[in-house]
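Please find below my notes on the model you sent round, set out as numbered points for the bench.

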Amino acid sequence: MTVLSPDILTELEGQGIELPSWAFGNSGTRFRVFTTPGTPRDPFEKIADAAKVNEFTALAPSVALHIPWDKVDSYDDLRRHAEDLGVQLGTINSNTFQDEEYKFGALTHADEAIRRKAIDHHLECIDIMHATGSRDLKIWLAEGSNYPGQNDMRARQDRLADSLQQIYARLGDEQRLVLEYKFFEPAFYHTDVPDWGTSYAQVAALGERAMVCLDTGHHAPGTNIEFIVMQLLRLGKLGSFDFNSRFYADDDLIVGAADPFQLFRIIFEVIRGGGLNNPDVAFMLDQCHNIEDKIPGQIRSVLNVQEMTARALLVDRDALAAAQAANDVLAANAVLMDAFYTDVRPALAEWRESRGLPADPMAAYAASGHQQRIASDRVGGTQAGWGA
Ligand code: PSV
Ligand code: MN
């Protein structure tokens, strides 16, 4: 059995992955949203589900909220509820993609009244952050155009800069703005923040507490994402990850499911760049569980990140550096591949048990009867879902 050194175990012990509240709601595609028995009916139940993931894994100490989906009357109550269950409220995600008025843009809109409304929504999110104790405001914009010539892309970029400036100015001293990029969808010809370079240019103009958010599903097929990770860490601007995996588009599937090797390569660059267990770099999931049960879907996800982190920590960095210095192409590649192919699961299972956690959190959750319990308890009301 592979042995994980005390140094590696210390790193693994420090790992925390933020869960998205929306992963616990029903979701689907534009064709159909399927329901699951036991799906939460309000933000309090979503937090309870996230806390279950943490209970079985000790890997998920915080939950991200999406506003307005997770609006509640009292954020103090929500915060207390989370803390009672052993988790914190995390990143606040703004939402300017579901309002009729935002059809042609929000923070980039040419109509000043609509742009004002979108800025005000972000200011409201910052007020919520003060109540929830959240550090990060995450902005993803569904803005762009569908046809060449439809819009003045340059003017939109200027309006975006001004909007972001107004939002950034409202942040508290300990708070940050993270700007997420995505190259397509829902707009198909251009989006206003399509790539890391645009996000970087916009946040660099704002100041130190503005960073880039890298969602692993938001790149063209074949993109070398670990290069982007390296570069953003090098520039001190990698604020957070939205982890998920994709086969074709922005599939939002379980992280590490589609391409475990890519996840390994990304995490290796995080380690190489000093981003692991670095409070400046938040690890978050951004996933939807359209057909599988949601709590075990999230348990599987955080375990995948943990397993790939353990493998990436196994890379013999001295041997790698020596092979690289000698231009020994095959030896350098072999160092990386040796670590990637190492099965760390038995060692992790043993280590979990030594910490009072289930050796196999997936099996333990299935045996706990919790899924059946929530399915029979949560009857009546409206299940939370995409768009609510
Ligand atoms: C957009 O595709 C995105 O990745 C953003 O992070 C949104 O807030 C999130 O998905 C909603 O699921
Ligand atoms: Mn995302």
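1. How far is an oxygen atom of ligand 1 from an N or O atom in the side chain of histidine 66? The separation is 2.9 Å, a polar contact in the sense of a pair of N or O atoms within 3.5 Å. Lysine 182 likewise has a side-chain N or O atom 2.9 Å from an oxygen atom of ligand 1, and for histidine 218 a polar side-chain atom lies 3.1 Å from a ligand 1 oxygen. Of the 310 Å² of accessible area that ligand 1 has on its own, the protein covers 96% (Shrake-Rupley method, 1.4 Å probe).

2. This is a predicted model, in which local features need pLDDT of at least 70 and side-chain atom pairs count only at pLDDT 80 or more, whereas totals for chains, interfaces and linings use all residues. Residues are numbered from 1 along each chain as its sequence is written, chains are lettered from A and ligands numbered from 1 in the order in which they are written, and side-chain values use heavy atoms, with hydrogens and water left out.

3. The residues around ligand 1 (a heavy atom within 4 Å) include Trp22, Lys138, Trp140, Asp250 and Trp386; the shell divides into three nonpolar, two polar and seven charged residues, where Trp counts as nonpolar, Asp, Glu, Lys and Arg as charged, and His as polar.

4. The manganese ion (ligand 2) takes protein donors from Glu180, Asp215, Asp242 and Asp286, at 2.1 to 2.2 Å, donors being N, O and S atoms within 2.8 Å of the metal (3.2 Å for Na, K and Ca). These donor residues are spaced E-x34-D-x26-D-x43-D in sequence.

5. The manganese site is octahedral, with angles of 72 to 166° among its six donor atoms; for six donors, that label requires opposite donors over 155 degrees apart and all others between 65 and 115. Ideal octahedral angles are 90 or 180 degrees.

Conventions
A polar contact is a pair of N or O atoms within 3.5 Å; within protein, one must be able to donate a hydrogen and the other to accept it, and residues adjacent in sequence count only if both atoms are side-chain atoms. Four donors count as tetrahedral if all angles lie between 85 and 135 degrees; four count as square planar and six as octahedral if opposite donors are over 155 degrees apart and all others between 65 and 115; anything else is irregular.
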